[in-house]
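Let's take a walk through a protein model together, one stop at a time. Keep the picture at hand and turn it as you read.

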Amino acid sequence: MTILDAETVVAKTRDEREGLDAQSLRTSFLNHIAFTQAKVPGFASQRDRYVALAMTVRDRLIERWIATRRAYYNNPDTKRIYYLSLEFLIGRTLGNSLVNLELYDEAYEALYELGHNLEDIRELEEDAGLGNGGLGRLAACFLDSMASLELPGYGYGIRYEHGMFSQRIRDGQQVEEPDDWLRMGNPWEIARPEHTFRVQFYGRSECYTDEQNRERFRWIDTHDVLAMPYDMPVPGYRNNTVNNLRLFAAKSTNEFDLTYFNHGDYMRACQDKALTENITKVLYPKDDFAQGRELRLKQEYLLVSASLQDILARFAAQHDDWGLLPDRAAIQLNDTYPALAIPEMMRLLMDGEGLDWDVAWDITTRTFAYTNHTVLPEALEQWPVSLLANLLPRHLQIVYEINRRFLDEVSQRYPNDDGRVARMSVIEEGPVPKVRMAHLAIIGSHSVNGVSALHTQILKDRVLRDFHEFYPTRFNNKTNGVTPRRWLKKANSPLAYLITEAIGDGWVNDLDQLRGLIPLADDRSFQERWREIKQLNKERLAGYIHKKQGLLMNPDHMLDCQVKRIHEYKRQLLNILHVITLYNRIREGREGDFVPRTVLLAGKAAPSYWFAKLIIQLAGAVGRVINEDPKVNGRLQVVSPENYGVSLAEFIMPAAELSEQISTAGMEASGTGNMKFALNGALTIGTLDGANVEMLEEVGPENIFIFGLTAEQVESLRAAGYNPWDYYHANEELRTVLDQIQGNTFSRDEPGLFQPIVDSLLHHGDHFMLLADFDAYVKCQGDVSRTYRDSSAWTRMSILNTSHMGKFSSNRTIREYAEQIWSVRAVPVSL
């Protein structure tokens, strides 16, 4: 087709806008080049092409989006799921939408005929800056599964203008830069200014008597901001369902003061706009100072207030009996960040709708459910009472009343047990009284779930033991899962094609069907094709990180990956200690039949978490020494790509051969990276922590590398008086490694740089027990290398890992939520 011919293709018929064949897609694409981007094809930029393709795909989504809303609205008895989360780490939308609409091949063909490459165009899309780690990625997988299972689900979050941050590694150090993901616009979102909600802050609570002579409260003298919604489509796989992700942005009620402007005070004229919009500028602003803490609390409250106003308005449009709300709405709190929704619901029902406390409380507790994501007591969110008193005075009043009534129940059941009353109180007394948000979420919900079997048991037995004894039927487990649409079919299309060729494509929506691969695990021809795909993916990753970041990676090495948020309990440091051990063996000629290995470490550290940043710096320093040492001769390599996120993960997961899941046992709630790696055929080396325990049960002990202390042994050793020096003196290799770090082998230009790391391990108790697990970890890594030398045995284990991942589909998780917590049924959508 010539450019002249292409320019004449401007027909905008309904069939062409919504057709699913390559010709219809090509026509729509050219129409959007002309009528959306106002360009002729010959002068369109690559950015124009991306937007035109995004709008072409969005056209196909919109008909289904409207039909989905109509299907829910036309059935007033439909019970809807509302998933409240501070994070939705959705990655890029274009490729995922093409996969779920089953249009990927057609789009590729349509663009190819016009001389364009789909993959090149997809690279123009920025990862949505709406999340950071596992919490947000889980939320994104859950939305995908709700739509794929035809469940009426809505996501509610915040439209962060600059995400969390874009990570750059400069001179080995993490540098945070703004994540300007919206700089070029977002063709997937639709602004809904007509649904803007007013959100209040500050002010005071006033008591008054209403017309029925009842004591009531109102929140007055407030400073208000506006929460403006932006909607994004969430398509299901191979169906007509397109659910909604609604994200709120803070807007000022007084964006521009003309009086100040006309007097030359230009900064003050825009001051209110700037201060208000700060609320949704950045995900997780630093909170190690007062203004940062207040900003984070404002974020959380804006999310829950705007979301609940929207939910209640949708309910009230079809119902006039508030008692029906729990039968029409299930609100899931994704961790404690949206826990303010509980007092906010009480405020809206009592102060806004005039309900009495008991009625409002019954509605609230039957509507909300809470997912806990941590076993670390210090990670359970708390807010100073003084901050709530200033920012949300009416809510603090409600929290106090919730707590008073709850503690009366506790005291009645456990008389004279003041210790239990203090432990279970929503208010932690002390020099700085605090509101315990996890306690508030538990008391105000009808369900509390953990995210792996081990995690849930630890919550019951240790972290939330008092609450489990008080509410024994409220606690349950919902082991996390991942969506196979993004993490296998999209991210690893060569492997997806091989699997489909072997067992059909039913696995995409029913991951248990992967068990059909089990008989092929010993098939030499199938093994060979499996290995070829893994090698292809390693070469693809090597090319990608070299092109994007200039990093060199040898694709012929074993690829050993640890990619996740940098935190001490995740023990990236233990990995680094092992890398140094391998380095020493090579230099000393003790490597034996060494298996060449590339260790890939990636992840972000929170801006205020200086120790995690120091671990990143150590990884970079160790990598530079090893990669530049001629004695190593390229046999060992350390690669640390920057700015780890969903799109980079989609290159790493298919390429990885060894997955490092080595957290201190009893500290990782679940993990989902472990599932993504195994789904793509990587073998796991890990502790019995989080979902690793259930992965072991699924794949069998012969197909996974498990080492180290169990959660029970960690607790017993800590109680007995753990002494890291015992391990230092007993293990010569460990002693050498720590002495090298302390002796500036990796910091010659900055002596003492890594001394805090050694101090934390030897002088400050080694809280995460790296030294206790070091020997077992190194020996287990030896087993990994020995197994890897036998390519047939390794490939067999790889195939069996993938074939046993059915349990870890987010479809299974969401079905359990729907049946056991939400009581929600599918609503098929017809066009």
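Cysteine 141 counts as buried in this predicted model, because its relative accessibility is 1%. Cysteine 207, by contrast, has a relative accessible area of 40%, so it is partly exposed. Could cysteine 141 have a bonding partner, and how far away is the closest cysteine sulfur? That sulfur belongs to cysteine 561 and lies 19 Å from the sulfur of cysteine 141, which is too far for a bond. A disulfide needs two cysteine sulfur atoms within 2.5 Å, and by this rule the count comes to zero disulfides.

Next, look for tyrosine 50, which sits in helix α4 (residues 46-73). Is this residue buried or exposed? Tyrosine 50 has a relative accessible area of 2%, so it is buried. Who are its companions there? Setting aside neighbours within four places in sequence, tyrosine 50 touches Leu94, Ile121, Leu124, Glu125, Pro187 and Trp188. Take proline 187 from that list: it is 137 residues away from tyrosine 50 along the chain, yet the C-alpha atoms of the two are separated by 9.4 Å.

Now move along to helix α15 (residues 357-367). Its buried residues are Trp357, Ala360, Trp361, Ile363, Thr364, Thr365 and Thr367. An α-helix has 3.6 residues a turn, so residues three or four places apart point the same way. Among the elements that cover the buried residues of α15 are α14 (341-352), β12 (368-371), α17 and α19 (437-443).

Let's stay with one of these partners, α17 (residues 393-413). The axes of α15 and α17 are 13 Å apart, and the helices pack at an angle of about 90°. That makes α15 roughly perpendicular to α17. On the α15 side, the contact is made by Trp357, Asp358 and Trp361, while α17 brings Ile398, Glu401, Ile402 and Arg405. Sorted by class, the residues of this contact are four nonpolar, three charged and no polar.

Our last stop is another pair, helix α32 (residues 732-742) and helix α33 (residues 755-762). Their axes come within 8 Å and cross at roughly 140°, and the crossing is left-handed. Which residues make the contact? From α32 come Leu738, Ile741 and Gln742, and from α33 come Gln755, Val758, Leu761 and Leu762. This contact has five nonpolar and two polar residues, with no charged ones, whereas the contact of α15 with α17 includes three charged residues.

Technical notes:
Residues are numbered from 1 along each chain as its sequence is written. This is a predicted model: local features need pLDDT of at least 70, side-chain atom pairs count only at pLDDT 80 or more; totals for chains, interfaces and linings use all residues. Side-chain values use heavy atoms; hydrogens and water are left out. Axes are lines fitted to C-alpha atoms, for helices over the stretch in contact, and angles run from 0 to 180 degrees between N-to-C directions. Helices (H or I, at least four residues) and strands (E, at least two) are DSSP runs, numbered from the N terminus. Angles under 35 degrees count as roughly parallel, over 145 as roughly antiparallel, 65 to 115 as roughly perpendicular and the rest as oblique. Contact means heavy atoms within 4.5 Å. Ala, Val, Leu, Ile, Met, Phe, Trp, Tyr, Cys and Pro count as nonpolar, Asp, Glu, Lys and Arg as charged, and the others, Gly among them, as polar. A crossing is left-handed if the near helix is turned anticlockwise from the far one by less than a right angle, and right-handed if clockwise. Buried means under 20% relative accessible area, exposed over 50%, partly exposed in between (1.4 Å probe, protein chains only).
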